Amino acid sequence: MSEQNTTALEPAADGADAVGPARTNPLRRVFGGSAGRNLGLVIALLLLCVVGAVTSGERFLSVDNALTILRYASIIGVICVGMTFVITAGGIDLSVGSVMGLTTVVASLAAVQRTAAESSWLLMVAVALAVGIFAGLINGVIIAYGNVVAFIATLAMLVAARGAAELISGRSTQIVIERDFLAVMRSNVLGVPLLIWIFLLVAAAGWFLLNRTTFGRRTVAIGGNLEAARLAGIKVKRHIVWLYVLSGTTVGIAGVMMLGRTTAGTSTHGGLFELDSIAAVVVGGTLLIGGRGTIVGTVLGVLLFSILTNVFTQNNLDTSVQQVAKGAIIVVAVLLQQRFAVRGTTRRKGAL
């Protein structure tokens with residue numbers, strides 16, 4: 001009897017009869033799960049690679065071009081890992097690009113480089129990380145304890161960090177001359193640039209933290225229902241602060257990588273990175289409203305946009321067309337997210 005009642009309570013799938021066991025479309029069942037969403041991204045990546053191979057031939061398929069794509073994706077990819085945690089918890093961080101520019105400016109100051117030359121190049125790394133963490137801490141405290149909406153708080157930090165970077169640098173580019181720092185950041189490990197290895201390590205650490213730790217489970221819980229998470233005993237405000245500190249840490253790491261790649265610190269670094277990172281995270285499958293996050297999807301989303309940029313560059317296409325293509329991809333991703341989110345909510349209600 002209980003089995004019959006349970007079956008009758010199951011919500012009907014789209015196009016299924018309202019009475020009787022729910023019948024789910026196998027294709028929807030496959031692509032509705034996390035593995036299916038990742039599979040969809042992999043298919044999109046493969047299609048882009050086919051387009052690149054057809055239009056650019058051997059240039060696109062070369063090992064050097066593959067490393068170029070990964071190197072381009074590595075810096076924004078590190079930022080996206082931190083952004084994934086923030087969005088999974090239902091927040092947003094619009095300041096990542098400006099803060100990254102500030103980290104490059106402060107870490108490349110003449111006094112910092114001179115001290116690093118006398119002691120260790122790691123000082124420049126520590127300074128960049130400290131700036132990113134401090135900015136993240138300010139964001140977190142204002143949002144959690146000041147009860148300021150994340151959009152407004154991080155928008156204020158976006159403006160303030162960019163302005164501070166311009167004041168400190170005098171709106172000029174600061175060249176990195178610390179040889180040991182440049183030697184390390186431009187080195188290869190097993191034939192692969194260090195920047196790519198850093199991205200892979202940060203992504204792996206992010207995956208472990210989100211999927212295998214209490215911190216990750218609490219992040220998802222807060223994004224799913226903040227009040228329920230609070231009633232369950234989670235110290236929500238403190239956790240939110242840590243999330244933005246984590247985001248600031250990844251921004252600091254990205255700032256170090258940008259210094260190594262460009263050999264320059266400037267307030268213009270990181271322009272529109274906040275939009276690119278949010279786009280990659282959302283396209284990767286993390287819900288913009290919070291409650292679901294995926295590091296694997298984020299990495300695939302970053303690679304998707306990186307390959308798209310490479311294909312457009314290889315074919316000398318207008319950057320404006322590229323922006324239109326990016327916008328279309330984002331809109332499609334959000335529409336699909338809304339569809340799956342509504343369906344998931346309907347199923348949960350039907351199970352009650």
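## Exercises on a predicted model

At 1% relative accessibility, F85 counts as buried. Keep this residue in mind as you work through this predicted model.

**Exercise 1.** Classify F215: is this residue buried, partly exposed or exposed?

*Solution.* Start with the cut-offs: buried means under 20% relative accessible area, and exposed means over 50%. Next, take the value for F215, which is 21%. F215 therefore counts as partly exposed.

**Exercise 2.** Find out how F85 and F215 are arranged, and which parts of the chain their pair ties together.

*Solution.* First, look at the count: the structure has one aromatic pair. F85 and F215 form this pair, with 6.3 Å centre to centre and 50° between the planes. Now apply the rule: planes under 30 degrees apart are stacked, those over 60 are edge-to-face, and the rest are tilted. The pair is thus tilted. Finally, locate the two residues: F85 sits in helix 5 (residues 63-88) and F215 in helix 12 (residues 214-224), so the pair links parts that are 130 residues apart in sequence.

**Exercise 3.** Work out how many disulfides the structure has, then describe how accessible C49 and C80 are.

*Solution.* Searching the whole structure gives zero disulfides. C49 has a relative accessible area of 27%, so C49 is partly exposed. C80, at 0%, is buried.

**Exercise 4.** Decide where the model needs careful reading.

*Solution.* Begin with the overall picture: the average pLDDT is 85, and 85% of the residues score at least 70. Over residues 1-22, however, the pLDDT is below 50. The pLDDT is also below 50 over residues 344-352. Where pLDDT is low, predicted coordinates should not be read in detail.

Key: Residues numbered from 1 in each chain as written. Predicted model: local features only at pLDDT ≥ 70, side-chain atom pairs only at ≥ 80, totals over all residues. Heavy atoms only, no water. pLDDT = per-residue confidence, 0-100. Contact = heavy atoms within 4.5 Å. Phe/Tyr/Trp six-rings, centres within 6.5 Å; stacked < 30°, edge-to-face > 60°. Helix = DSSP H or I, 4+ residues; strand = E, 2+ residues; numbered from the N terminus. Buried < 20%, exposed > 50% of the residue type's maximum accessible area, 1.4 Å probe, protein only. Disulfide = S-S within 2.5 Å.
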